[in-house]
Amino acid sequence: MSWSFPIGKVRGTELRVHVTFFLLLAWIMVGAWMAEGPQSALVNMLFIVSVFACVMLHELGHATMAARFGVKTPDITLLPIGGLARLERIPENPKQEILIAVAGPAVNIVIWIVLSVLIGVRGQIADLQSLESPTQDFWARLAVVNLLLVAFNMIPAFPMDGGRVFRAVLALFMDRVKATQIAAQVGRVLALALGLWGVMQSSPILVLIAVFIYFAGGAESADVTMRGRARGAQARDAMITAFASLSPEDSLEDAARLILRTTQSEFPVLGPDGAFLGFLTRAEVMSFPEPEHRAERVSDHMLTGLHALPSTAPLQAVLEAMSGRHVPAVAVTGDHGRFIGYVNRENIGEWFILARR
């Protein structure tokens with residue numbers, strides 16, 4: 001996710017924090033400082049950091065359960081509205097999806113048990129209205145927040161945890177695409193209700209969460225529908241075969257000329273034997289307009305380590321390959337691994353439209 005930076009790595013999962021998270025911290029500290037002084041500002045900051053540490057553990061719960069089913073989690077990003085674990089894919093087995101979805105809230109229940117039973121704090125759901133009260137014990141407030149996280153995340157608003165459980169249960173009795181569409185529609189209705197409540201309560205965080213649910217649910221529903229239609233199709237069915245390419249020894253000046261002559265967003269970089277080496281994107285070339293960069297080689301700016309799939313590979317494999325960060329396109333190879341074309345997001349969308357006809 002753009003505007004985020006890494007803070008560490010756990011079992012191959014990169015932990016990231018979005019810059020807007022620090023805006024939330026600053027807003028809370030300034031408000032507490034003006035209302036009750038520097039000590040209150042420090043306590044409130046530590047409390048918010050503790051809450052988001054619980055959120056991070058929640059997301060790691062999803063990642064740990066997903067790993068049991070062979071699903072990797074490339075990164076987890078902390079946002080002002082919560083955490084976001086980016087799984088490589090969502091298992092199509094409904095039972096596996098349920099276990100992954102409930103693993104996050106289960107972590108918060110464990111945290112609540114540790115705080116309430118082992119440490120002995122007395123945080124109760126009835127105290128939810130006084131979470132900001134400085135008279136309430138720090139750890140009691142944190143225990144209550146973890147219960148709140150469980151209750152909030154299990155709301156059946158797709159793509160929240162409860163919404164994923166709802167979709168998975170529906171998928172036990174119907175086609176997964178249809179189940180996703182129903183879950184997304186229910187999620188949108190709940191998002192509108194949550195947004196209205198947020199407006200009535202003057203809570204911008206609730207409004208932002210409602211907007212996220214509304215659009216993220218629709219986007220994932222469209223993705224699942226596309227993957228459903230991709231069944232039976234192969235990479236060659238959506239492949240771009242007419243393209244201009246570059247060699248690693250070409251200059252950015254050569255690439256700039258191709259930009260003027262074509263409408264390509266990315267240019268495959270090929271070796272002397274026609275082997276795929278990487279992609280040079282239009283955005284990368286345009287970010288170095290100064291004359292002193294014109295002689296720099298393509299090899300210094302191209303993206304490497306990208307996927308190359310055979311033309312007979314399932315189109316679903318292409319979609320999964322393009323789900324990674326910084327993947328502009330997927331190379332397609334023919335006999336003997338020779339590059340014959342590529343698939344990008346725009347072409348996938350065009351194929352999807354034409355496939356519906």
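Is Arg-89 buried, partly exposed or exposed? Keep that residue in mind while the whole chain is on the screen, since the tour returns to Arg-89 after a look at the overall picture.

**The whole chain**

What you have open is a predicted model, in which local features need pLDDT of at least 70 and side-chain atom pairs count only at pLDDT 80 or more, while totals for chains, interfaces and linings use all residues. Residues are numbered from 1 along each chain as its sequence is written, and side-chain values use heavy atoms, with hydrogens and water left out.

Show the full chain as a cartoon, and you have 11 helices and 9 strands before you; helices (H or I, at least four residues) and strands (E, at least two) are DSSP runs, numbered from the N terminus. Along the principal axes, the C-alpha atoms fill a box of roughly 70 × 55 × 40 Å. Of the 357 residues, 46% are buried, where buried means under 20% relative accessible area, exposed means over 50%, and partly exposed lies in between (1.4 Å probe, protein chains only).

**Arg-89**

Now select Arg-89, which sits in the loop between strand E4 (82–86) and H3. Arg-89 is partly exposed, with a relative accessible area of 32%. Leaving aside residues up to four places away in sequence, Arg-89 touches Phe-69, Gly-70, Val-71 and Glu-320, a contact being heavy atoms within 4.5 Å. Glu-320 is worth displaying together with Arg-89, for these two are 231 residues apart along the chain, and yet their C-alpha atoms are separated by 7.1 Å.

**The loop at Arg-11**

Go next to the loop between strand E1 (4–10) and strand E2 (13–18), and pick out Arg-11. Although Arg-11 is not a glycine, its phi is positive, at about 50 degrees. Arg-11 is exposed, with a relative accessible area of 78%.

**Helices H1 and H2**

Select residues 19–36 for helix H1 and residues 38–68 for helix H2, whose axes come within 7 Å and cross at roughly 150 degrees. Axes here are lines fitted to C-alpha atoms, for helices over the stretch in contact, and angles run from 0 to 180 degrees between N-to-C directions. H1 and H2 are therefore roughly antiparallel to each other, on a scale where angles under 35 degrees count as roughly parallel, over 145 as roughly antiparallel, 65 to 115 as roughly perpendicular and the rest as oblique.

To see the contact itself, show side chains on both helices: among them are Phe-21, Leu-24 and Trp-33 in H1, and Met-45, Ile-48 and Phe-52 in H2. By class, this contact of H1 with H2 has 13 nonpolar, 2 polar and 1 charged residues, with Ala, Val, Leu, Ile, Met, Phe, Trp, Tyr, Cys and Pro counted as nonpolar, Asp, Glu, Lys and Arg as charged, and the others, Gly among them, as polar.

**Helices H3 and H4**

A second pair is found by selecting residues 94–118 (H3) and 138–153 (H4), which pack at an angle of about 155 degrees with their axes 9 Å apart. That makes H3 roughly antiparallel to H4. The residues of the contact of H3 with H4 divide into 11 nonpolar, 4 polar and no charged.

**From Pro-159 to Thr-180**

Move on to the loop between H4 and helix H5 (161–171), where Pro-159 is found. Phe-158 and Pro-159 are joined by a cis peptide bond, with omega at about 15 degrees.

Phe-158 also leads to the next stop, because Thr-180 is buried, with a relative accessible area of 0%, and touches Phe-158, Arg-167, Glu-220, Ser-221 and Val-224, not counting residues up to four places away in sequence. Thr-180 belongs to helix H6 (residues 176–200). H6 packs with helix H7 (residues 204–230) at an angle of about 170 degrees, their axes being 8 Å apart.

**Helix H8**

Finally, select helix H8 (residues 252–261) and colour its buried residues, Leu-252, Ala-255, Leu-258 and Ile-259. Seen down the axis of H8, these buried residues fall within an arc of 110 degrees, so they line one face of the helix; the arc is that of the directions from the helix axis to the C-beta atoms. They pack against strand E5 (266–270), strand E6 (276–281) and helix H9 (282–286). Turn to the other side of H8, and there Leu-260 and Arg-261 are exposed.
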